[in-house]
Amino acid sequence: MVIEQQIAKHHSPIVHIAGLRKFYGSNEVLQGIDLDVQRGEVVAIIGKSGSGKSTLLRCINGLEPFQHGALQVDGLALRHGDARAMRALRQRVGMIFQSFNLFPHLSVGRNVMLAPRLVKQADSTAAMAQAQQLLARVGLADKFDAWPDQLSGGQQQRVAIARALAMAPSVLLCDEITSALDPELVGEVLRVVEALAGDGMTLLMVTHEMGFARKVADRIVFMHAGRIHEMGPPAAMFGDPQTAALKQFLSALT
Ligand SMILES: Nc1ncnc2c1ncn2[C@@H]1O[C@H](COP(=O)(O)OP(=O)(O)OP(=O)(O)O)[C@@H](O)[C@H]1O
Ligand SMILES: [Mg+2]
């Protein structure tokens, strides 16, 4: 029985979204989203400004309430108004933004240790060892005692990734995490993300880096006017787009 449950859990999607609708006032910005993401899958979300990409990610980690539909992460239903359920959910979902928002008054290492200490009451020695290991994983083993403002944007964003990983999330949401970086710093951050994908992390990333999406994503989701307008494997989406909106979006990029 236990084994059957584990198998069922293993095969159920890690993110399950059905009929999700979200309004800001009378503006329906998500107009019925259905999306299942499997464990270890890398999903790139593309689309024009204002199409609802960030709002969708913010719904998935519980930052935004929504009016209709259902959303589950790791089998846990997202229920606004149930503080305990929301805390449990947020521990399973890591999120990284365009602006890295490291705490400027904490060293790099302390930034990574903070959430495990506060939320999981991890003991200091264990949290420190974990932070050191995570900083090594993002190529910053020597920066534990540095201050955020001593690092480049690319290094700060890699610390932000380590900080998100410190909570051992089941899924990592990335919202245009390279958009604020100088072009020469984009590659070092994308390489870290690619390594995470290679290690089996489930990733949902909004990105303008089409080359990266094509290379690393298992699936591309094209959002248009609050809907998933077209979805499929990268080769088909980029090589043989079906809808006029996706054709137009792709041709406007070049
Ligand atoms: N806090 C808010 N209050 C009211 N409307 C909002 C709010 N946040 C977003 N919107 C609206 O919701 C829609 C979707 O916005 P969203 O930020 O999700 O788009 P996006 O696809 O991420 O765009 P971009 O590529 O510019 O980041 C837009 O029409 C936007 O104006
Ligand atoms: Mg956005």
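Ile17 has Leu71, in strand 4, as its bridge partner. The model is predicted. The pair belongs to the antiparallel match of strand 1 (residues 15-24) with strand 4 (residues 68-73), which runs over five bridges. Ligand 1 draws the largest share of its shell from helix 2 (residues 53-60).

**Sheet**
- Four strands form an open sheet in the order 2-1-4-5. Their pairing is antiparallel.
- Strand 2 (27-37) and strand 5 (76-77) are the edge strands. Each has a single partner strand, so one side of each lacks a neighbour in the sheet.
- Strands 1 and 4 are joined by five bridges.

**Shell around ligand 1**
- Ten names make up the surroundings of ligand 1: Tyr24, Val29, Gly47, Ser49, Gly50, Ser51, Gly52, Lys53, Ser54 and Thr55.
- By class, the shell has two nonpolar residues, seven polar and one charged.
- Helix 2 contributes three residues, the most of any element.

**Helix 2**
- Is helix 2 mostly covered or mostly open? Mostly covered: seven of its eight residues are buried.
- The buried residues are Lys53, Ser54, Thr55, Leu56, Leu57, Cys59 and Ile60.
- Lys53, Ser54 and Thr55 are thus named twice: they are buried in helix 2, and they are among the residues around ligand 1.
- Gly62 follows helix 2. Its phi is positive, near 80 degrees.

Note on methods
Residues are numbered from 1 along each chain as its sequence is written. Chains are lettered from A and ligands numbered from 1 in the order in which they are written. This is a predicted model: local features need pLDDT of at least 70, side-chain atom pairs count only at pLDDT 80 or more; totals for chains, interfaces and linings use all residues. A residue is near a molecule or strand if its C-beta atom, placed from the backbone, lies within 6 Å of it. Helices (H or I, at least four residues) and strands (E, at least two) are DSSP runs, numbered from the N terminus. Ala, Val, Leu, Ile, Met, Phe, Trp, Tyr, Cys and Pro count as nonpolar, Asp, Glu, Lys and Arg as charged, and the others, Gly among them, as polar. A residue is buried if 20 or more other C-beta atoms lie within 10 Å of its own, exposed if 12 or fewer, and partly exposed in between; C-beta atoms are placed from the backbone. Two strands pair if DSSP finds at least two bridges between them.
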